[in-house]
Amino acid sequence: MAQARVKARTSRGESVFAEKFGVFAECLLTGVWIAVASLGVVTYPAAFAAGARHLRRRIAHEGGGLREFVADFRVAVRRGWVVGLAGWAVAGAVRVDVQAARAGIPGGPLVGAIGVFALIGAVVALLRAAAVWTPDAGWRALLAGAGRRAVLDPAGSFLIIGGLAVVAASAWFAAPLAVPVLGAVVAAAVAVEERYRHR
């Protein structure tokens, strides 16, 4: 039975193993593209959105490559840079909260913990929004919908948090490993959104 599954053919004539390995390899390559596109400091939301759209095309067996990724990135960054700037502002506020907690200010540990959880929630919402981004979608509506889904689908949100933990562990073990793993996190967000859409 296992052999029959491995020998099974996809619609493009590939074995199931080749198909799944191809998607995995595409995730790692997409992670590199996302990392390069994020070098603009405030461009990371657009990079994640373009990466997610590229992976959705790959999974659907539609055309696409670096040229399409760059075209999507250019569209997403037009308003996505504002989201990136807001994200850095949130991260800065959380850093102040954590420093207050370390300084021993009364109530500091609680405020610091709330800040860290809020930051994690914001990152999950951003990834879920990026996973469904299309060129005609507005970031405000995407983020509002993603925030609702993050709360209504806690299992999916925890899967994304697990992916983020893998990135953090990869960066701790060897920083360059975190770059390709970014694509796997985006793929996880795409899968979570597909799962939510079909339930």
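Biologist: Which helix supplies the largest share of the lining of the largest pocket?

Modeller: That share, eight residues, comes from H5, where a helix is a DSSP run of H or I with at least four residues, numbered from the N terminus (a strand is a run of E with at least two). This is a predicted model, in which local features need pLDDT of at least 70 and side-chain atom pairs count only at pLDDT 80 or more, while totals for chains, interfaces and linings use all residues. Residues are numbered from 1 along each chain as its sequence is written, and side-chain values use heavy atoms, with hydrogens and water left out.

Biologist: What makes a space a pocket rather than a cavity?

Modeller: On a 1 Å grid over the protein atoms alone, a cavity is a set of points where a 1.4 Å probe fits but cannot get out, whereas a pocket is an open set with protein on both sides within 12 Å along at least five of seven lines; lining residues have an atom within 4 Å of a point. The largest pocket holds about 840 Å³ of space, and of its 26 lining residues, Tyr44, Gly87, Leu119, Val123 and Leu126 are the closest to its centre. At least two lining residues come from each of H3, H4, H5, H7 and H8.

Biologist: Why is Val181 called buried or exposed?

Modeller: Buried means under 20% relative accessible area, exposed over 50%, and partly exposed in between (1.4 Å probe, protein chains only); Val181 has 16% relative accessibility and therefore counts as buried. This residue of helix H8 touches Val166, Val167 and Ser170, leaving aside residues up to four places away in sequence, a contact being heavy atoms within 4.5 Å.

Biologist: Why does Gly147 count as buried, partly exposed or exposed?

Modeller: Gly147, in helix H6 (residues 139-152), has a relative accessible area of 26% and is therefore partly exposed. Its C-alpha atom is separated by 10.0 Å from that of Val123, 24 residues apart along the chain.

Biologist: How do you know whether the span of H7 agrees with the value expected at 1.5 Å a residue?

Modeller: The expected span is 1.5 Å times one less than the number of residues, so the 20 residues of H7 should span 28 Å, and the end C-alpha atoms, 28 Å apart, agree with that.

Biologist: What makes the buried residues of H7 line one face of the helix?

Modeller: The buried residues are Gly156, Ser157, Ile160, Gly163, Val167 and Ser170. Seen down the axis they fall within an arc of 135°, so they line one face, the arc being that of the directions from the helix axis to the C-beta atoms. In general, an α-helix has 3.6 residues a turn, so residues three or four places apart point the same way. The buried residues of H7 pack against H5, H6 and H8, while Phe158, Trp172 and Phe173, on the other side, are exposed.

Biologist: What makes H3 mostly covered?

Modeller: Of the 16 residues of H3, 13 are buried, and just after this helix His61 takes a positive phi of about 60°.

Biologist: Which residues touch the most other members of the largest nonpolar core?

Modeller: They are Ile34, Phe48, Trp139 and Val186, out of 39 residues, a nonpolar core being a set of buried Ala, Val, Leu, Ile, Met, Phe, Trp, Tyr and Cys residues joined through side-chain atoms within 4.5 Å. Not counting residues up to four places away in sequence, Phe48 touches Ile34, Leu127, Ala130, Leu182 and Val186.

Definitions and conventions:
Points joined across faces, edges and corners; volume = space filled by probe spheres on them.
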